[in-house]
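Trainee: Could we go through this model together? I would like to see how each label is earned.

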Amino acid sequence: MALNIEQIRKDFPILSRKVNGKPLVYLDNAATTQKPVGVMERITRYYSEENSNVHRGVHRLSQVATEEFEEARRYIAGFIGAGKPEEIVFTRGTTESVNFIATVFQQFIGAGDEILITAMEHHSNLVPWQQLCRRQNAAMKVVPVNERGELDMESFKNLITSKTKMVAVAHVSNVLGTINPVEKITGLAHDKGVPVLVDGAQAIAHLPVDVRRTDCDFYAFSAHKAYGPMGIGVLYGKEEWLNKLSPYQFGGEMVDQVGFKETTFNVLPFKFEAGTPDVCGALAMETALKYIEKNGIENIRQHEDELLEYATRELKKLRGIKIIGEAAEKTAVLSFVAGGVHPYDLGTLVDQMGVAVRTGHHCAQPLVERFGLSGTVRASFGIYNTFEEVDIFIRAVRQALDMLR
Ligand code: PLP
């Protein structure tokens, strides 16, 4: 079903503002998405009418906040196809979710063990594993990426060995837009008894996510990349795994009985949620995901695919443009370089024309270097972007290139 983009745009007040005297063309959705009014209203309503701490109050407001917080957890579990709400742990976002697992996994990693990641990981799904390996004297192995920006699956098969203790892979690359074959990856890893963590930061707002079908052991994402607020996200973990893991942080809420000599811990998921959670963030994330559900993730995907295809075709008509990332399966992200022009200069000039794109290594420095580059220009699409905006973007790039050359 075709989305009514004009109607959708009315839900995002920021889209009607001007930047540098020009109507804003926001193409930095991979960094963060804009927020619909419903999400902002949810935040206001929570703090105007419902604010209270959860799980420990006998009074009415606390009970309402607790019920809504747990309802948000149930909804989010359903949204990603998790079996149980207990498998949803609220975190600050993708980065904290990965750090959480890379920290508590230490108990299973010894000298000589291996962690397998890919060459297209965001620093958030690279550095925590690298540091874990350093602490434990383990080795981090890296699955290479081909020229089109696809994972080399033959290497992947060869790199999983009896020493591998974890596979960590992005669902979608934030630089290349590549959609990785996560179902196939979990199948291959599980054949060798290896768990898989999927970094879903760039997938959650663009593709249907079904953790049970994918059969991944862990799935991480941030609300702010899916029309929700900053500072909250999710770590999904299979119940069997979460039960095996030690707590990540200690404090209130995550305990059962506390004494000066001994402490016992709470049940899932509270064992992993030390301290006061971001209750309002969870409610606003639920509202954001409902916004996606209302519009239909398949409709969103189709719209973004059409924008991506159109923008790619038009961009290639400009002289000296090289697209970085031309995987057969890709979504919503368009990275490119223009011969002889520094990405930063290009990004700065198009910003003068109201077009927000991102330049640099996009927190994936080893990947960008793999392509012999220090940075790219990246346009990334969301539900509210239009073909007219793509035209403005292409015109801005053309003008900027004319000026810079
Ligand atoms: N992983 C990927 C693929 C990303 O694109 C990002 C953010 O750009 C992250 C992880 C980190 O997300 P956050 O900063 O919300 O924790």
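Mentor: Gladly; we will take the ligand, its pocket and two backbone features in turn, keeping in mind that the model is predicted.

Trainee: What makes a residue part of the ligand's surroundings, and which residues are they?

Mentor: A residue counts if one of its heavy atoms lies within 4 Å of the ligand. The residues around the ligand are Thr94, Thr95, His122, Ser124, Asn174, Asp199, Ala201, Gln202, Ser222, His224 and Lys225. By class, one of them is nonpolar, eight are polar and two are charged.

Trainee: Why is the pair between Asp199 and the ligand called a polar contact?

Mentor: The cut-off is 3.5 Å between N or O atoms. A polar side-chain atom of Asp199 lies 2.5 Å from a ligand nitrogen, so the pair qualifies.

Trainee: How do you know that His122 and Lys225 qualify?

Mentor: For His122, a polar side-chain atom is 3.3 Å from an oxygen atom of the ligand, which is within 3.5 Å. For Lys225, an N or O atom of the side chain is 2.6 Å from a ligand oxygen, so this is a polar contact too. As for cover, the ligand exposes 400 Å² when taken alone, and the protein buries 85% of that.

Trainee: Where does the ligand sit?

Mentor: The ligand takes up the space of the largest pocket. About 460 Å³ of space lies in that pocket. Its lining has 27 residues, and the closest to the centre are Ala31, His122, Ser124, Lys225 and Cys363. Helix 4 (94-104) and strand 16 (358-360) are the elements that give two or more residues to the lining. Helix 4 gives the most, with four residues.

Trainee: What is the make-up of that lining by class?

Mentor: It divides into six nonpolar, 15 polar and six charged residues.

Trainee: What is the omega value of the peptide bond from Leu268 to Pro269?

Mentor: Omega is near -5 degrees, and the bond is cis. Pro269 is in the loop between strand 12 (263-265) and helix 10 (279-295).

Trainee: What makes Ala332 worth listing?

Mentor: Its phi is near 60 degrees, a positive value in a residue other than glycine. Ala332 lies in the loop between strand 13 (321-324) and strand 14 (333-338).

Conventions:
Residues numbered from 1 in each chain as written. Predicted model: local features only at pLDDT ≥ 70, side-chain atom pairs only at ≥ 80, totals over all residues. Heavy atoms only, no water. Polar contact = N/O pair within 3.5 Å; in protein donor to acceptor, adjacent residues only side chain to side chain. Areas by Shrake-Rupley, 256 points an atom, 1.4 Å probe, with all protein chains shown as cover. 1 Å grid on protein atoms, 1.4 Å probe; cavity = no way out; pocket = protein on both sides within 12 Å on 5 of 7 lines; lining within 4 Å. Sits in = over half its atoms within 2 Å of the grid points. Nonpolar A, V, L, I, M, F, W, Y, C, P; charged D, E, K, R; others polar. Points joined across faces, edges and corners; volume = space filled by probe spheres on them.
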